[in-house]
Amino acid sequence: SSLTLLEPEHVAIERDFIPNPPTIVGDGAALRSAVENLVANAVKYGGRDRWVGIKVEHGRQRRRPEVWITVSDHGDGIPASELPHIFDPFYRGADAVARQVHGNGLGLSLVRQIVAAHGGRVTVMTRAGAGSSFTIALPSAEPDPRTSAVASQLQTTHS
């Protein structure tokens, strides 16, 4: 499981979560697996500093409320020639092959399938030598201001 990669002494994880994320209706295990896949990739292809950023925010796309989960790394970025293919099943980048990075090329394809099944989309931003950020956008309920006090209390007791 990718969670074994997340030993605190091996990876610096920076979390930036909104206090009361709106509800997403869906398969919790599948969505967790999609996010874990992105985190595992960030660990695998991230920079030497072993930094992974996970950000949760909400916003709107065409007036529709959404939750955005972004996983970022400080790696080398994804070459422009490979970008059109990274979500294809079994596709592995030249660098992954050259460095013999373990994997079957199904991770991002699975992420896209899971997100699409939930009516969402996954996008990537990358810069050569400056890392990559993958964002999962999922339809959500309207944020409920009444839950923010409870949510922020829960977050402070559990983080």
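Helices, here of at least four residues, and strands, of at least two, are DSSP runs numbered from the N terminus. Helix α3 is one such run, and G119 follows α3 with a positive phi, near 75°. The structure described here is a predicted model.

## Overall layout

The protein chain holds 4 helices and 5 strands. Read from the N terminus, the order of elements is β-α-β-β-α-α-β-β-α. The chain has 159 residues, and 36% of them are buried. Take the contacts in the chain with a separation of 6 or more: 66% of these join residues 24 or more positions apart.

## The sheet

The 5 strands form an open sheet with mixed pairing, in the order β1-β2-β3-β5-β4. The edges are β1 (12-17) and β4 (121-127). Each edge strand has a single partner, so one side of each lacks a neighbour in the sheet. From one strand to the next, the twist averages 20°.

Two helices can be placed on this sheet. Helix α1 packs on it and touches β2, β3 and β5, and the direction of α1 makes about 30° with that of β3. Helix α3 also packs on the sheet, where it touches β4 and β5. The direction of α3 makes about 25° with that of β5.

Three of the strand pairings are set out below, with a facing pair of residues for each.

| Strand pair | Sense | Bridges | Facing residues |
|---|---|---|---|
| β1 and β2 | parallel | 6 bridges | A12 and W51 |
| β2 and β3 | antiparallel | 10 bridges | Q61 and R64 |
| β3 and β5 | antiparallel | 7 bridges | I69 and I136 |

Strands β2 and β3 form a hairpin with 2 residues between them. In that hairpin, R62 takes a positive phi near 50°. Strand β3 is largely enclosed by the rest of the structure, because 8 of its 10 residues are buried.

## Helix α1

Helix α1 covers residues 28-45, which is 18 residues. It reaches 26 Å from its first C-alpha to its last. That is close to the 26 Å expected at 1.5 Å a residue. At the start of α1, D27 places a side-chain oxygen within 3.0 Å of the backbone nitrogen of A29.

Which residues of α1 are buried? They are A30, L31, A34, V35, L38, V39, A40, N41, A42 and V43. The residues that cover them include parts of β2 (51-61), β3 (64-73), α3 (107-117) and β5 (131-139). An α-helix has 3.6 residues a turn, so residues three or four places apart point the same way. The buried set contains such spacings, including A30, A34 and L38.

## Helix α3 and its packing on α1

In α3, the buried residues are G107, L108, S109, V111, I114 and V115. Their cover includes α1, β4 and β5.

How do α1 and α3 pack, in angle and in distance between axes? The angle is about 145°, and the axes lie 9 Å apart. Helix α1 passes α3 in a left-handed crossing. On the α1 side, the residues that meet α3 are A30, L31, S33, A34, N37, L38 and N41. Their counterparts in α3 are G107, L108, V111 and I114. These four α3 residues also appear among the buried residues of that helix.

## E66 in strand β3

E66 sits in strand β3. Is E66 buried or exposed? It counts as buried, because its relative accessibility is 0% and the cut-off is under 20%.

Two side-chain polar contacts involve E66. One goes to the side chain of R64, at 3.2 Å. Another goes to the side chain of W68, at 2.8 Å. R64 is also the residue in β3 that stands opposite Q61.

What else does E66 contact, leaving aside neighbours within four places in sequence? The list is E57, H58, G59, Q61, R121, A137, L138, P139 and S140.

Key. Residues numbered from 1 in each chain as written. Predicted model: local features only at pLDDT ≥ 70, side-chain atom pairs only at ≥ 80, totals over all residues. Heavy atoms only, no water. Expected span 1.5 Å × (residues − 1). Buried < 20%, exposed > 50% of the residue type's maximum accessible area, 1.4 Å probe, protein only. Contact = heavy atoms within 4.5 Å. Polar contact = N/O pair within 3.5 Å; in protein donor to acceptor, adjacent residues only side chain to side chain. Pairing = 2+ DSSP bridges. Axes fitted to C-alpha atoms, helices over the stretch in contact; angles between N-to-C directions. Left-handed = near helix turned anticlockwise from the far one by under 90°.
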